Amino acid sequence: MRARVLIRPKEGILDPQGQAVERALPALGFDGVRNVHVGRLIELDVEDASQVPQMCERLLANPLIEDYEIIELQEVAA
Amino acid sequence: MKFGVVRFPGSCDEVDALMASRRFADADLLWHGDRDLDGIDAVVVPGGFSYGDYLRVGAIARFSPLMESVIEFARDGGPVLGICNGFQVLCEAGLLPGALLPNDSLRFVCRQVEVVVENPGTPFTRACEVGDSLSIPVKHTTGRYYAPPGTLPEEQVVLRYAPGHNPNGSMDDVAGVCNDGGNVMGLMPHPEHAVDPLTGSADGGRLFESLAMVPA
């Protein structure tokens, strides 16, 4: 299975990367942008998709400071 | 009293930590791939970029063979001091509450700061008095301490940045914390770089001196 894991800073925790991007966009003429957050995308092929949540809890994310979302699981093309 | 100083691939402050330890006790380096802590009375997890800090700071080092032994040593009450990257590793290992986030400035900071001793009742601060101010350098990009609400009791705050000295946006100016048992401590400042007046301050030696003192 192909798994795609999205990891983002937990809501309420200061995200200076997101703020920096949010401040940079108006400089390019993109107005009306709010709530920018910068996270991480991990893609992996796994034999047992049921293990992915445990992988997130134990290594891929730090649940104290990050939320994770397993957004896609597809068969790997042969 | 013998200190063991951990060396990971990517450690860079282990020699300073070893030299600082040897001012007050016997000390040797411990290789990350070994498991043996025989004869070690206290462990120092030093600064650097263990395992490249890939994924998240400290996230991969936490699973090294030696760290498994260090976690067991800490759970048995053995004293463990984590400095900078070592602090990050101990948080990732679940031995300390909270986590370290990128500095609020998003910049690497490298400067001398004043930290205040909040809890002199730990093995790492027993040579200090409450309110003592220590001049110790910081040098990091990922040093903003955060603990979810309700997970850091005040007595586990060992060191705070003095007013105006918080270099990274740490919650409540926290510079160093200990675990519930008091035998594991982590801090972002580098006491091993402040053990000789030649380099501006010997205040960091107080932590190594504390650790070398036989418990009363």
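**Exercises on a predicted two-chain model**

In chain B, strand β10 and strand β11 (residues 184–187) pair in the antiparallel sense over 3 bridges. Strands here are DSSP runs of E with at least two residues, and helices are runs of H or I with at least four, numbered from the N terminus; two strands pair if DSSP finds at least two bridges between them. This is a predicted model, where local features need pLDDT of at least 70, side-chain atom pairs count only at pLDDT 80 or more, and totals for chains, interfaces and linings use all residues. Residues are numbered from 1 along each chain as its sequence is written, with chains lettered from A and ligands numbered from 1 in the order in which they are written.

**Exercise 1.** Find the bridge partners of B:Gly176.

*Solution.*
- Start in β11(B): B:Leu187 is the bridge partner of B:Gly176 there.
- Now turn to strand β9 (residues 157–161) of chain B, which pairs with β10(B) in the antiparallel sense over 3 bridges.
- B:Leu159 stands opposite B:Gly176.

**Exercise 2.** Which strands of the β2-β1-β3 sheet in chain A stand at the edges, and why is one side of each left without a neighbour?

*Solution.*
- Write down the order: 3 strands form an open, antiparallel sheet, β2-β1-β3.
- β2 (40–45) and β3 (66–74) of chain A are at the edges; each has a single partner strand, so one side of each lacks a neighbour in the sheet.
- Check one pairing: 8 bridges join β1 (residues 2–9) of chain A to β3(A), and A:Leu6 has A:Glu69 as its bridge partner in β3(A).
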